[in-house]
Amino acid sequence: MLGFWFAWHTTGFKTNACFGFAFCNIDDDKLKMSRIARRGIHYLQRLNASNVSTALLEKGQNRVIEASLTLIRERAKLKGELVRALGGAIACPSLLGVPLGHNSSFLQGPAFAPPRIREAIWCGSTNSSTEEGKELEDPRVLTDVGDVPVQEIRDCGVDDDRLMNVISESVKLVMEEAPLRPLVLGGDHSISYPVVRAVSEKLGGPVDILHLDAHPDIYHCFEGNKYSHASSFARIMEGGYARRLLQVGIRSITVEGREQGKKFGVEQYEMRTFSRDREYLENLKLGEGVKGVYVSIDVDCLDPAFAPGVSHIEPGGLSFRDVLNILHNLQGDIVAADVVEFNPQRDTVDGMTAMVAAKLVRELTAKIAK
């Protein structure tokens, strides 16, 4: 039984030491991230200089992409079969890591977040029960299909258009294995666009989105990058993938952010009026008349006193209990969710923000599972 539990829950690495080693090599991680970000570009330049044919390169890229999707497909199929065999699950959250950080406008550390969040979820310092009493050790409550191999795909010179398609296809592969529902670990916030797109396309219509964040991430094309983490919700709204978009925790917003919000009919709730809006936000009812509810949590929605390990530190944010009250009281069928923008390179040495991100995942799991 112990062997089954370990095989079920382990992806990448897991340690009972929790954070004894995970946050001690920040400078090494920064150097590694810089090298990874440049590797694919330099590799392509070398191939072009050697007059390697485009057809040959694309054929190789397609093989890597197909291998990546095959791994997600087979893991999702296995986990779906096991959940169905156990019986009784109507909806089972399935972790899917998307370790992408290159669309961040500041730091790229969120690419290292998925394994750190997993480590914290299963850390021995806490038990496996959620606040609402769901047991995470029950594979019908939470399972895991691993990570999209983002850096390996980029290392082959695959551009962001195709990479976003790979992320979307990976999400759809999880959704094909009912009752699995994707609970995505970022990664920077650019991943929300391909994930929401996939969810909407797979379900056949728009969803309502609850977006908790210090920033609206709705620039048209931030710094010339249409896939910037600061532009993800502009792409979502342009695509018609959301009927309602509620943004909560906002406290760093520009004129363009407000104008874009008005253009797309976004409901923006800023921290300066949170005390007035609290009662409404803690009693939300979403998803009626659409395909369900999508929840996107940027860890920087929290005040940095609760979550210092983020790229963009914005004082004056939500407390952790504020966020849980909003989640626990939300009425609606959550069909998918993400937790993004945790940056291990800025976390405390004891992994405080990793534990915060992990608890967000745990409580989202309880809300989705049924």
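Mentor: Let's start with a term: a nonpolar core is a set of buried Ala, Val, Leu, Ile, Met, Phe, Trp, Tyr and Cys residues joined through side-chain atoms within 4.5 Å. This is a predicted model, where local features need pLDDT of at least 70, side-chain atom pairs count only at pLDDT 80 or more, and totals for chains, interfaces and linings use all residues. Residues are numbered from 1 along each chain as its sequence is written, and side-chain values use heavy atoms, with hydrogens and water left out.

Trainee: Which helix gives the most to the largest nonpolar core?

Mentor: The largest nonpolar core has 49 residues, and those with the most contacts inside it include Val 295 and Leu 302. Helices are DSSP runs of H or I with at least four residues, strands are runs of E with at least two, and both are numbered from the N terminus. The helix that gives the most to this core, with eight residues, is α12 (residues 352-368).

Trainee: Is Cys 92 buried or exposed?

Mentor: Buried means under 20% relative accessible area, exposed over 50%, and partly exposed in between, using a 1.4 Å probe and protein chains only. Cys 92 has 0% relative accessibility, so Cys 92 counts as buried.

Trainee: Which strands stand at the edges of the sheet?

Mentor: Two strands pair if DSSP finds at least two bridges between them. The open sheet has eight strands in the order β2-β1-β3-β8-β7-β4-β5-β6, with parallel pairing. Two of these strands have a single partner strand each, so one side of each is left without a neighbour in the sheet. Those edge strands are β2 (143-147) and β6 (267-270).

Trainee: Which residue in β7 does Ile 209 stand opposite?

Mentor: Strand β4 (residues 207-212) pairs with strand β7 (residues 293-298) in the parallel sense over five bridges. In β7, the residue opposite Ile 209 is Tyr 294.

Trainee: Which side chain does a polar contact of 3.2 Å join to that of His 189?

Mentor: His 189 is found in the loop between β3 (180-186) and α7 (192-203), and at 0% relative accessibility His 189 counts as buried. A polar contact is a pair of N or O atoms within 3.5 Å; within protein, one must be able to donate a hydrogen and the other to accept it, and residues adjacent in sequence count only if both atoms are side-chain atoms. The side chain joined to His 189 by the 3.2 Å polar contact belongs to Asp 213.
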